[in-house]
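These are my notebook entries on a structure that I went through at my desk, written down in the order in which I looked things up.

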There are 2 protein chains.
Amino acid sequence: MGRQARIDDGELIDKLSAVFSDVGFQGASMAALAEATGLKKASLYHRFPDGKEQMAREVLLAAGDWMTENILTPLSKDTPPDARVGLLTRRLSKFYSGGKQACLLNLLSSARIAEGGVFAMEIATTFEALISALRKVVMDAGFDKAEADRRAVRSVMLLHGSLVLSRGTGSTRPFKAFLEGLPNDLLGAK
Amino acid sequence: MGRQARIDDGELIDKLSAVFSDVGFQGASMAALAEATGLKKASLYHRFPDGKEQMAREVLLAAGDWMTENILTPLSKDTPPDARVGLLTRRLSKFYSGGKQACLLNLLSSARIAEGGVFAMEIATTFEALISALRKVVMDAGFDKAEADRRAVRSVMLLHGSLVLSRGTGSTRPFKAFLEGLPNDLLGAK
DNA sequence: GTCTATAGGAAGATAGAC
DNA sequence: GTCTATCTTCCTATAGAC
């Protein structure tokens, strides 16, 4: 407790991330962010001089990094496609806490800060990167590019749709059903 | 112009709805709602004494009514299933402005007012009603209940996922791709 | 690096004239 | 029914002690 940094940086981002994922950008007040992290508002400003917008940006970047390391990179390995998809489902389940946590990309896309939306590019890039990684796996399983793209896009739609539905109905069932069907959606017989 | 009600009730709800769909509940300030409708804040309070929460509730109810009249009821008719699905795609395209407008159900699910979220039940009910109506059409096409439910849930996931993706990428392509595939997703050969 | 205290402004909500 | 003007509360952000 004698240390100056009483809260670990990674843990701090995690807690901020949970708030943004839960109530969105506008819904996340500095008071709520302070309470969730256990820091006072002034301390948050010390670490994030640009305030809420910087927090959201760093949370978004951290999520991108996590996805790159835990999902995109494993998907690009040359292990068997079905093994890669098996790992994918486990990582997705972890990332979204089994469907209990909504997706940042969805909750931050309505944040209109300054002109044009500050997070728009980062969000679009992240969607594209996931689709691209999935497409590669499907192609490695022997499907042509058009079919692989179709399956990759559909799977990302199903992922986010299942999260919307899970949050809207207050049940993790849609997300679990999505995960269960994912191997077949990506690699099943045509 | 001599009338007292200068703005039509339906049009008023439509404009409020557009704001909530765009920026969510917390993102929709009274100032923004006033500007969008052309009414001053005090005038909005005159029509909605309980303020923003009442506006969102009425907008949600109006969307539910629209869906019942234009989607659920047609889906329960006894015309051929493929004709019903054809009408469904046109109505969905209209409802979401061809993918340019996000779904209220998604943007209002993060609104945590009072304890438990005031809109939660209405949102859950609307999701269930749509799934239920789709399930019936699929069953009318000769599929068993389990398969019909699977297809109905998947289609609703694809719908909302395509809207999330369309908003996140700034393109209506995902939504259009969803609409194009919908007839096959619901009624295609197993 | 974290805190208490507070400035400054935006947001929700109301009063009362027309 | 709509407006202008105002009140109050909440929120973002900063100052300065420890």
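**Entry 1: a buried acid and its partners**

I began with Glu147(A), which is buried in this predicted model, its relative accessible area being 7%. Below the 20% limit a residue counts as buried, and Glu147(A) falls under that limit because its value is 7%. I then noted that Glu147(A) lies in helix H8 of chain A, whereas Lys190(A) lies in the segment after H9 of chain A, so that this pair ties together parts 43 residues apart in sequence. The contact itself is a salt bridge between Glu147(A) and Lys190(A), in which the closest N and O atoms are 3.9 Å apart. Lys190(A) is exposed, with a relative accessibility of 76%, so in this bridge I have a buried acid joined to an exposed base.

I found a second salt bridge from Glu147(A), this one to Arg150(A), with 3.4 Å between the closest N and O atoms. Both residues belong to helix H8 of chain A and stand 3 residues apart, which means that about one helical turn separates them. For Arg150(A) I looked up a relative accessibility of 45%, which makes this residue partly exposed.

**Entry 2: a bridge in chain B, and the network**

In chain B I looked up the salt bridge in which the side chains of Asp149(B) and Arg135(B) meet, at 2.5 Å from N to O. This pair links distant parts of the chain, since Asp149(B) is in helix H8 of chain B and Arg135(B) in helix H7 of chain B (residues 120-140), 14 residues apart. Asp149(B) has a relative accessible area of 27% and is partly exposed. Going back to chain A, I recorded that salt bridges with shared partners join Glu147(A), Arg150(A), Arg151(A) and Lys190(A) into one network. Over all chains I have 18 salt bridges in the structure.

**Entry 3: the largest pocket**

I next asked which residues are the closest to the centre of the largest pocket. The space in the largest pocket comes to about 1200 Å³. Its lining has 37 residues, of which Arg150(A), Arg151(A), Arg154(A), Arg154(B) and Asp185(B) are the closest to the centre. Two of these names, Arg150(A) and Arg151(A), I had already written down as members of the salt-bridge network.

By class, I noted 16 charged, 11 nonpolar and 10 polar residues in the lining of the largest pocket. Helices of both chains take part, with at least two lining residues each from helix H7 (120-140), helix H8 (145-169) and helix H9 (173-187) of chain A, and from helix H8 (145-169) and helix H9 (173-187) of chain B. The largest share of this lining is that of H8(A), with 9 residues.

**Entry 4: how the two copies are related**

I laid chain B on chain A by a turn of 180° with a shift of 0.0 Å along the axis, and the RMSD was 0.0 Å. The two copies are therefore related as by a two-fold rotation axis. Which residue of chain B comes closest to the rotation axis? I found Gly161(B), whose C-alpha is 1.9 Å from the axis. I also looked up the interface, where 100% of the interface residues of chain B are interface residues in chain A as well, so the copies meet through the same surface.

**Entry 5: positive phi at a serine in each chain**

Ser97(A) has a phi near 50°, which is a positive value in a residue other than glycine. I placed Ser97(A) in the loop between helix H5 (81-95) and helix H6 (104-108) of chain A, where its relative accessible area of 30% makes it partly exposed. For Ser97(B) I likewise wrote down a positive phi of about 50°, and this serine sits in the loop between helix H5 (81-95) and helix H6 (104-108) of chain B. Ser97(B) is partly exposed, at 30% relative accessibility.

**Entry 6: a leucine in H6**

I closed with Leu107(B), which lies in helix H6 of chain B. Is Leu107(B) buried or exposed? I have Leu107(B) down as buried, at 7% relative accessibility. Leaving out residues up to four places away in sequence, Leu107(B) touches Ser110(A) of chain A, and in chain B its contacts include Phe20(B), Val23(B), Phe25(B), Ala102(B) and Arg167(B). Between the C-alpha atoms of Leu107(B) and Leu158(B), which are 51 residues apart in sequence, I noted 17 Å in space.

Key
Residues are numbered from 1 along each chain as its sequence is written. Chains are lettered from A and ligands numbered from 1 in the order in which they are written. This is a predicted model: local features need pLDDT of at least 70, side-chain atom pairs count only at pLDDT 80 or more; totals for chains, interfaces and linings use all residues. Side-chain values use heavy atoms; hydrogens and water are left out. Copies are superposed by least squares on the C-alpha atoms of residues with pLDDT of at least 70 in both. Contact means heavy atoms within 4.5 Å. On a 1 Å grid over the protein atoms alone, a cavity is a set of points where a 1.4 Å probe fits but cannot get out, and a pocket is an open set with protein on both sides within 12 Å along at least five of seven lines; lining residues have an atom within 4 Å of a point. Grid points are joined across faces, edges and corners, and a volume is the space filled by probe spheres set on the points. Helices (H or I, at least four residues) and strands (E, at least two) are DSSP runs, numbered from the N terminus. Ala, Val, Leu, Ile, Met, Phe, Trp, Tyr, Cys and Pro count as nonpolar, Asp, Glu, Lys and Arg as charged, and the others, Gly among them, as polar. A salt bridge is a side-chain nitrogen of Lys or Arg within 4 Å of a carboxyl oxygen of Asp or Glu. Buried means under 20% relative accessible area, exposed over 50%, partly exposed in between (1.4 Å probe, protein chains only).
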